[in-house]
Each structure stands twice: as structure tokens, then as C-alpha cells.
Amino acid sequence: MDHAASASQHDDRLNVAPSRWRDVLALTKPGIIGGNLIATLGGYFLAAHGTFDVVTFASVMLGIALVIASGCACNNVIDRDIDALMARTRHRPLAKGRISITQALGISALLGVAGIVCLALGTNGLTVALAVIGWGVYVGVYSLYMKRHSEYGTLVGSLSGAMPPVVGYCAVTGQFDSGALMLLVIFCLWQMPHSYAIAIFRYADYQRASIPVLPVVHGIKMAKHHILGYIVAFIPASLALVLASQAGMGYLCVALVMGGYWLYLALRGYRLDDDVRWAKKVFGVSILTITAMSLVMVLEAMVPMWV
């Protein structure tokens, strides 16, 4: 073998390793993990009330990240057939066959066990139980059955999507109290218009994959009604944290401004012809709203630590 061929094979091996790691990372859906970690931050600091325990904080953040990564990897295995049909997901590693089912399940199991151990060592039994429930609902109920068979799959999925801030909260309190319940309700209500907006601007994908989301089953007009209704319910639910003295005036201002603008966008949807463009705006503002609310929970809790 000449030197040129040897060098070429060496370069190929170097290129394969980064590609494999990119596929493993993609399997865990890092964007979803990042968004949920912001919500977990909010829940943790909402309960902390100006106190901070580095072990609990590190354990819950790392633990929930690993558990979510495990659920996402498992979801990729379950959805590999429909992912191959959708423009948004057809390049995922399992849909393209770059990672095997066995490898993906092994990665999911490793991440899940590591996450649960991390939560168990640094938090409490309730936090571990909530994380396991969230994983079970997402993988066992939503991904395995509801997503493919019922228009109510989005509602079921919202329960698992709302679990990270509750996990962050209960890691501090060790109990499921009114604050945890309010977080669960707020984030469940937020998930619905957020998810329906995605289903509208990805309508063709969901239709091609025969996924019975509300816009496909009952039409975009009905989805707009539901988006409006859930946002109307979300606003007072988000303000309940202030009424219960869990959050302060900064949170109140952010919740009112962002929630009000989200509602305004939902109402505008009835007067616009470009549903895709409108749905993308609703989706974008949903991300900004929940991110701003979560971060202000953090800031309000950290002010007493700085003073």
C-alpha cells in the first residue's frame, strides 16, 4: 500500500468518528434538552427562594438532562418509520440507518440509568419518581401509542413536556405542593398551542406520515380555536404563581406582556390568509414566552442571594 492510500484511509477514519458522535448527539435531540433545562432552572429557583445547594442543583440539572436524552433516543427508535416520511426528520440517524436499533436502545438505557442514579444520589425519591413518570408517559404512552392513534396524543404528550420544571421544583421542596401543581398546569397549557402551531406549519409532514394531530383530523380552523382557547387559559394560570406569592412583580410583568402578545397573535390568525407564516410566529412567540417566564423566575430568586 502506498503512502497516499494509507493517508487517505487514516483521514476517512478521522472523519467517521466525528460523524458518529454527531449522530449520537442528534439521537438525544439537544434542542429539546436545552429548552427543558431552562424550564427546570425556573422550577428549581422558584422553589429555592434565594437559597442554593450546589449538589442538589447539579444533580437535578444533569439528571433530568440525561433522562430526557434517554427518552428522546427511545422516541427515535419508535418513530424511525414515520421520521423517514417527514421532511423535517428524514435525515435523523435511525431514519437513515446510520445508527442501529440495538445501538440506539443501548444508548437510551445507559443515559436513562445514569440520569436516575444522578437524581437519586443528589435529590429525593419524589424527584426520581416524577422523572420516571415523565419518561414513561413520553415513551410508553405518547410515542408507542397515542401519537399514532389519537388526536389527543398532544394532550398526553404535554404531561411529560411539563414535567421538567416540576422536577426542578420538587428537587428543592421534596413534596408535590400547590406550587408544583401550578407549574404542571402552566406548562401543560403552554404545550398545547405550541404543539398545534407546529402541526399547522408542518401540516404536510404529519399528513404524509398519517399522524392524527388536530389540524389534520379536524382542520386548521378548528386548531386555531384550540390555540386561542389554550392561550386564554394559559394567561390566568401563569398569573396564579403571583397570586400565590410564589413569583414577584417582575414575573407578573413578563407573564402579562408575553402572554398578552401571544393572545394577540392567536386572534390575528383569524384575519390572515397565510396560515403557515402565522403558525411559525405563534410557535416562535411560544418559545420566547416560556423562556422569558422561566428566566425571570431564576432572576427573582437570585436577587436575595446577591443582596
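# A tour of the predicted model, from Pro236 inward

Start by selecting Pro236, which lies in helix α13. The model on the screen is a predicted one. Pro236 has a relative accessible area of 48%, so this proline is partly exposed. Now add Leu256 to the selection. Pro236 and Leu256 are separated by 20 residues in sequence, and their C-alpha atoms are 9.2 Å apart in space.

**Two serines in loops**

Stay with α13 and go to the loop that follows. Ser245 sits in the loop between α13 (220-243) and α14 (249-268). Check the backbone there: phi of Ser245 is near 60°, a positive value in a residue other than glycine. Is Ser245 buried or exposed? Its relative accessibility is 62%, and Ser245 therefore counts as exposed.

Next select Ser210, in the loop between α11 (203-208) and α12 (214-218). Ser210 also has a positive phi, near 60°, and is a residue other than glycine. With a relative accessible area of 57%, Ser210 is exposed.

**Helix α2**

Select residues 30-48, which form helix α2. The helix has 19 residues and reaches 26 Å from its first C-alpha to its last, close to the 27 Å expected at 1.5 Å a residue. Color the buried residues of α2: they are Ile33, Asn36, Ala39, Thr40, Gly42, Gly43, Tyr44, Phe45, Leu46, Ala47 and Ala48. An α-helix has 3.6 residues a turn, so residues three or four places apart point the same way. Just past the end of α2 comes His49, and its phi is positive, near 50°.

**α2 against α3**

Keep α2 and add helix α3, residues 54-78. Two packed helices are described by the angle between their axes and the distance between the axes. For α2 and α3, the angle is about 145° and the axes are 10 Å apart. Their crossing is right-handed. On the α2 side, show Ile32, Ile33, Asn36, Leu37, Thr40, Leu41, Tyr44 and Phe45 as sticks. Their partners in α3 are Thr56, Phe57, Val60, Met61, Ile64, Ala65, Ile68, Ala69 and Cys72. By class, this contact of α2 with α3 has 14 nonpolar residues, 3 polar and no charged. Several of the α2 residues on view are also buried, including Ile33, Asn36, Thr40, Tyr44 and Phe45.

**α3 against α7**

Hide α2, keep α3, and bring in helix α7, residues 125-149. How do the two helices run relative to each other? Their axes come within 10 Å and cross at roughly 15°. That angle makes α3 roughly parallel to α7. α3 passes α7 in a right-handed crossing. From α3, select Val60, Ile64, Val67, Ser70, Gly71, Cys72, Cys74, Asn75 and Ile78. In α7, they meet Thr127, Ala131, Trp135, Tyr138, Val139, Ser143, Leu144 and Arg148. The contact of α3 with α7 contains 11 nonpolar, 5 polar and 1 charged residues.

Val60, Ile64 and Cys72 of α3 are worth a second look: they are among the residues that touch α2, and they are also among those that meet α7.

**Helix α9 and its surroundings**

Move to helix α9, residues 163-173. This helix is mostly covered, with 9 of its 11 residues buried. The buried ones are Met163, Pro164, Pro165, Val166, Val167, Gly168, Tyr169, Cys170 and Ala171. Which helices do these buried residues pack against? They pack against α2, α3, α7, α8 (153-161) and α10, so turn those on as well.

Then reduce the view to α9 and α10 (residues 178-201). The axes of α9 and α10 come within 9 Å and cross at roughly 165°. That makes α9 roughly antiparallel to α10. The crossing is right-handed. Pro165, Val166, Tyr169 and Cys170 of α9 meet Gly179, Ala180, Leu183, Leu184 and Phe187 of α10. The contact of α9 with α10 has 8 nonpolar residues, 1 polar and no charged. After α9 comes Gly174, with a positive phi near 75°.

**Last stop: Arg90**

Finish at Arg90, in the loop between α4 (80-83) and α5 (93-96). With 39% relative accessibility, Arg90 counts as partly exposed. Neighbours within four places in sequence aside, Arg90 is in contact with Asp83, Ala84, Ala95 and Lys96. For a distance across the model, pick Arg90 and Trp190: they are 100 residues apart in sequence and 27 Å apart in space, C-alpha to C-alpha.

Note on methods. Residues are numbered from 1 along each chain as its sequence is written. This is a predicted model: local features need pLDDT of at least 70, side-chain atom pairs count only at pLDDT 80 or more; totals for chains, interfaces and linings use all residues. Side-chain values use heavy atoms; hydrogens and water are left out. Helices (H or I, at least four residues) and strands (E, at least two) are DSSP runs, numbered from the N terminus. The expected span of a helix is 1.5 Å times one less than its number of residues. Buried means under 20% relative accessible area, exposed over 50%, partly exposed in between (1.4 Å probe, protein chains only). Axes are lines fitted to C-alpha atoms, for helices over the stretch in contact, and angles run from 0 to 180 degrees between N-to-C directions. Angles under 35 degrees count as roughly parallel, over 145 as roughly antiparallel, 65 to 115 as roughly perpendicular and the rest as oblique. A crossing is left-handed if the near helix is turned anticlockwise from the far one by less than a right angle, and right-handed if clockwise. Contact means heavy atoms within 4.5 Å. Ala, Val, Leu, Ile, Met, Phe, Trp, Tyr, Cys and Pro count as nonpolar, Asp, Glu, Lys and Arg as charged, and the others, Gly among them, as polar.
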